[in-house]
Amino acid sequence: MLVGSQHTSNKMDCLVCSFCFRFVGSIELQIGRKLYFQDLGVSTNHQCDMEPSSPMSEDCYEAESDDGEEIALENNESMGGCSSSNSKGVALPEGLVESLMNGGLSLPHSKEFSMPPAIPCSGGCGEAFYCSKSCAEADWEAFHSLLCTGGKTEPSRREALLKFIQNANDTNDIFLLAAKAISSTILRYKKLKLACSEEQRKYGNIVDLSILLEAWKPMSMGHKRRWWDCIALPEDVEPSNEVAFRMQIREMAFTSLQLLKEAILEEGCEPLFSLEIYGQIIGMFELNNLDLVVASPVEDYFLYVDELPSPYKEKAEEITRPLLDVLGNSYSICCQGTAFFPLQSCMNHSCYPNAKAFKREEDRDGEATIIAVRPIHPGEEVTISYIDEDLPFEQRRALLADYGFECRCPKCLQQQHP
């Protein structure tokens, strides 16, 4: 992927590397965070695909902390100091969630699902975490140095960034992805400009514009239409209100752009902050993005325990069952977001494609794969379908109108003029 972003709401349930989206921390930390946010009432509680099944809880469970101390987990409404519970009445004792999050409690067999430790952002924002120093450095150089809201950021810029982020969270988190696209272009521009010779710098603005265009190249690969022109009309919006709806989307983008401009505008990069460019960046994501999905080791952990042979399963479930009952369906939530893959975005459409973006339910590694659906001859263009190619001709034409072209593939020509 060239740029990707975890959905804001999903960050409550999944702690992942902000650069490669690998899960970080530990099984205990991941479960502890889920329970903590669930207790606050802010867990997203959306599943990825499968319906989880939780074993029946028992009346009393005991967990063992690192120092051998037994912790009672009781299904008892009268138990005091509970930090989490669910509709079944399963309650967890006070301090258990904290012990999971700070490493004071180890769950059985959790070492089978080891993860790299969570490395916090060096800028001190408390929002970005990484699986390695290399990912932290790569994200800082590519995106985050302009978008960090930590103490190292100049106060006025930090305040503007916080306003932009809050607006994106309140409206549409696709703006956060657009901000990453613009910040990466600015950082590439600054790096290229530093590499310019003294002779080149004599030409001033002409050279600056050519450098900016060079920095923009990675983003230029995707098909771009203005967001408010290509976004599909929601089902609850009447066709008679389409113009007003698209104007509302345009105003939303304008507000977001002004906030972002105040936060990260750099000299020489002014063209990136026109509403036309901003609209096209978001439109590019609207038309080309693929879902970003990374499987949760927490789901794998509970499935692993469920498949243990007896008596290991029963012993482990004395500890894991109450946690599973309190978590409910949220135990299976995977990392979810959206990502832009330049290679996939370069592929033209055909209603009789020879390839497709391949994503099975079990393909949850944050990557995209393109596979052939029929033999492709040397020199033949690789095409994919942007829509459901099995729909009737008129429906396909209507859907493709959002992309701004009329398909002229052999299938459409034959169906248009039988």
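**Figure 1. How much of the protein is buried.** Of the 418 residues in this predicted model, 45% count as buried. The secondary structure runs to 15 helices and 13 strands. Take the contacts with a separation of 6 or more, and 68% of them turn out to join residues 24 or more positions apart.

**Figure 2. Helix α3 and its bend.** Here's α3, which covers residues 133–147. If a helix of 15 residues were straight, it would span 21 Å at 1.5 Å a residue, but the end C-alpha atoms of α3 span only 18 Å. Look at E141 for the bend: α3 turns by about 70 degrees there.

**Figure 3. What sits over α3.** Seven names to pick out along this helix: C135, A136, D139, F143, H144, L146 and L147 are buried in α3. Their cover includes two strands, β1 (3–6) and β7 (129–130), plus the helices α4 (155–170), α5 (174–194) and α9 (242–264).

**Figure 4. The largest pocket.** Zoom in on the largest pocket and you get a volume of about 840 Å³. The lining takes in 33 residues, and those closest to the pocket centre are K11, E127, A128, I165 and L176. Elements that hand two or more residues to this lining are β1, α1 (27–40), α3, α4 and α5. Of these, α4 gives the most, with 6 residues. Some names carry over from the previous view: β1, α4 and α5 are also among the elements covering the buried residues of α3.

**Figure 5. One face of helix α14.** This view is about α14, residues 393–400, where F393, R396 and L400 are buried. Seen down the axis of α14, those buried residues fall within an arc of 65 degrees, so they line one face of the helix. Among the things covering them are β10 (348–349) and α15 (410–416).

**Figure 6. The cavity beside α14.** How many cavities of 30 Å³ or more are there? The count comes to 1. The largest cavity holds about 50 Å³ of space. Its lining is made up of F393, R396, R397, L400, F405, E406, C407 and C412. With 4 residues, α14 gives the most to that lining. The buried residues of α14 from the previous view, F393, R396 and L400, all turn up again in the cavity lining.

How values were computed
Residues numbered from 1 in each chain as written. Predicted model: local features only at pLDDT ≥ 70, side-chain atom pairs only at ≥ 80, totals over all residues. Heavy atoms only, no water. Expected span 1.5 Å × (residues − 1). Bend = angle between axes of the 7 residues up to and from the residue. Buried < 20%, exposed > 50% of the residue type's maximum accessible area, 1.4 Å probe, protein only. Contact = heavy atoms within 4.5 Å. Arc of directions from axis to C-beta. 1 Å grid on protein atoms, 1.4 Å probe; cavity = no way out; pocket = protein on both sides within 12 Å on 5 of 7 lines; lining within 4 Å. Points joined across faces, edges and corners; volume = space filled by probe spheres on them.
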